[in-house]
Amino acid sequence: MKKIEAIIRKSKFDEVKEALHLIEVNFFSYWDVTGVGNEKQGHVYRGVSYSTSDIQRRFLSIVVSDPFLERTIDVLLKTACTGVVGDGKIFVSDIEETYRIRTKEKGSDALK
């Protein structure tokens with residue numbers, strides 16, 4: 001099993017969520033987060049300059065069985081991308097075990 005952590009633009013969240021559901025990744029957690037990135041210049045909107053040193057993003061935490069890893073990453077790379085600085089990052093780590101509290105199932109069965 002793998003844990004995928006993705007930091008994406010908030011504006012891409014609905015598209016990413018729909019795409020994940022289409023590949024049967026139906027459960028994940030997410031948070032609104034603020035981070036600091038590589039972009040150094042401010043943006044001007046209606047004559048007002050906004051700092052980009054604090055970047056508002058959405059953080060997704062997704063645990064998948066090994067066969068779902070590549071397709072999940074592919075979906076994230078395709079749907080979260082705008083081609084502009086600040087699209088985000090994806091991190092993958094190993095998960096040793098998973099348990100479903102309600103039924104006491106463990107391993108990949110707990111992810112279904």
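Here are three short exercises, with worked solutions, on the predicted model shown above.

**Exercise 1.** Work out the order of helices and strands along the chain.

*Solution.* Start by counting: the chain has two helices and six strands. Then read from the N terminus, and the elements run β-α-β-β-β-β-α-β. To see how contacts are spread in sequence, take those with a separation of 6 or more; residues 24 or more positions apart account for 71% of them.

**Exercise 2.** Find which residues of helix 1 are buried, and decide how they are arranged around the helix axis.

*Solution.* Let's begin with the cut-off: a residue is buried if its relative accessible area is under 20%. In helix 1, Phe 13, Val 16, Ala 19 and Leu 20 are buried. Looking down the axis, these buried residues fall within an arc of 130 degrees, so they line one face of helix 1. Now turn to the other side of the helix, where Asp 14 and Leu 22 are exposed. Finally, ask what covers the buried residues: the cover includes strand 1, strand 2 (29-35), strand 5 and helix 2.

**Exercise 3.** Trace the largest nonpolar core, then place Val 16 in its surroundings.

*Solution.* The largest nonpolar core has 18 residues, and Ile 4, Ile 8, Val 16, Leu 20, Leu 60 and Ile 62 touch the most other members. Two or more residues of this core come from each of strand 1 (2-9), helix 1 (13-22), strand 5 (55-64) and helix 2 (69-79). Next, pick out Val 16 and set aside its neighbours within four places in sequence: Val 16 is then in contact with Ile 8, Leu 60, Leu 76, Thr 79 and Ala 80.

How values were computed. Residues are numbered from 1 along each chain as its sequence is written. This is a predicted model: local features need pLDDT of at least 70, side-chain atom pairs count only at pLDDT 80 or more; totals for chains, interfaces and linings use all residues. Side-chain values use heavy atoms; hydrogens and water are left out. A nonpolar core is a set of buried Ala, Val, Leu, Ile, Met, Phe, Trp, Tyr and Cys residues joined through side-chain atoms within 4.5 Å. Buried means under 20% relative accessible area, exposed over 50%, partly exposed in between (1.4 Å probe, protein chains only). Helices (H or I, at least four residues) and strands (E, at least two) are DSSP runs, numbered from the N terminus. Contact means heavy atoms within 4.5 Å. The arc is that of the directions from the helix axis to the C-beta atoms.
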